[in-house]
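Please look through the sequence and the model shown here before reading on. The report that follows starts with the chain as a whole and then turns to single elements and residues.

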Amino acid sequence: MIVKKVIEDGEKKYKNITYSELKKDVDAFGNKIASEKMDDRRIAVIGNNSYEWAVVFLSCPSGISLTIPLDKGLTKEELESCLIRSKADTIVFDKSVFEN
């Protein structure tokens, strides 16, 4: 069983997720990548440790694209350097990482 943090009515709660549900979410994101013609791309992932981050990370290497996990703690300069050197085509990120 996996636990996902959700916000309902402004209150933080935790929801149990089965591995079957995780697989459905991973497949759904992978299908979205394919439908947007983003397959065979390098996708950088930057975000907080979360269920959503795991779904993106697991979706990409399932034969669709290459995942480039980047540390959310890097400075903007370090992130820019990593993105350039990795030749990332797309970035999936949690906007809270850039709000600081």
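Of the 100 residues in this chain, 29% count as buried, and it should be kept in mind that the model is a predicted one. The chain exposes about 7,000 Å², of which carbon and sulfur atoms supply 51%. Along its principal axes, the C-alpha trace spans about 40 × 35 × 20 Å.

The chain holds three helices and five strands, and, read from the N terminus, these elements follow the order β-β-α-β-α-β-α-β. When contacts with a separation of 6 or more are considered, 60% of them join residues that are 24 or more positions apart. As for charge, the chain carries 16 positive and 17 negative charges, and the mean positions of the two groups are 2 Å apart.

**Helix α2**

Which residues of helix α2 are buried? In this helix, which covers residues 51-59, they are Tyr 51, Val 55, Val 56 and Ser 59. Because these residues cover an arc of only 135 degrees around the axis, they lie on the same side of α2. A general property of such helices helps in reading this pattern: an α-helix has 3.6 residues a turn, so residues three or four places apart point the same way.

What do the buried residues of α2 pack against? Their partners are the strands β1 (2-8), β2 (11-17), β3 (42-46) and β5 (90-93), together with the helix α1 (19-35).

**Two residues with positive phi**

Most residues other than glycine have a negative phi. Two residues of this chain are therefore worth a closer look, since Asp 9 has a positive phi although it is not a glycine, and Lys 87, also not a glycine, has a positive phi as well. The table sets out the values for each residue.

| Residue | Phi | Loop | Relative accessible area |
|---|---|---|---|
| Asp 9 | near 55 degrees | between β1 and β2 | 84% |
| Lys 87 | about 60 degrees | between α3 (76-86) and β5 | 59% |

Are these two residues buried or exposed? Asp 9, which lies in the loop between β1 and β2, is exposed, because its relative accessible area of 84% is above the cut-off of 50%. Lys 87, which is found in the loop between α3 and β5, is likewise exposed, with a relative accessible area of 59%.

Notes: Residues numbered from 1 in each chain as written. Predicted model: local features only at pLDDT ≥ 70, side-chain atom pairs only at ≥ 80, totals over all residues. Heavy atoms only, no water. Helix = DSSP H or I, 4+ residues; strand = E, 2+ residues; numbered from the N terminus. Buried < 20%, exposed > 50% of the residue type's maximum accessible area, 1.4 Å probe, protein only. Contact = heavy atoms within 4.5 Å. Areas by Shrake-Rupley, 256 points an atom, 1.4 Å probe, with all protein chains shown as cover. Lys, Arg positive; Asp, Glu negative; His and termini not counted. Charge placed at Lys NZ, Arg CZ, Asp CG, Glu CD. Arc of directions from axis to C-beta.
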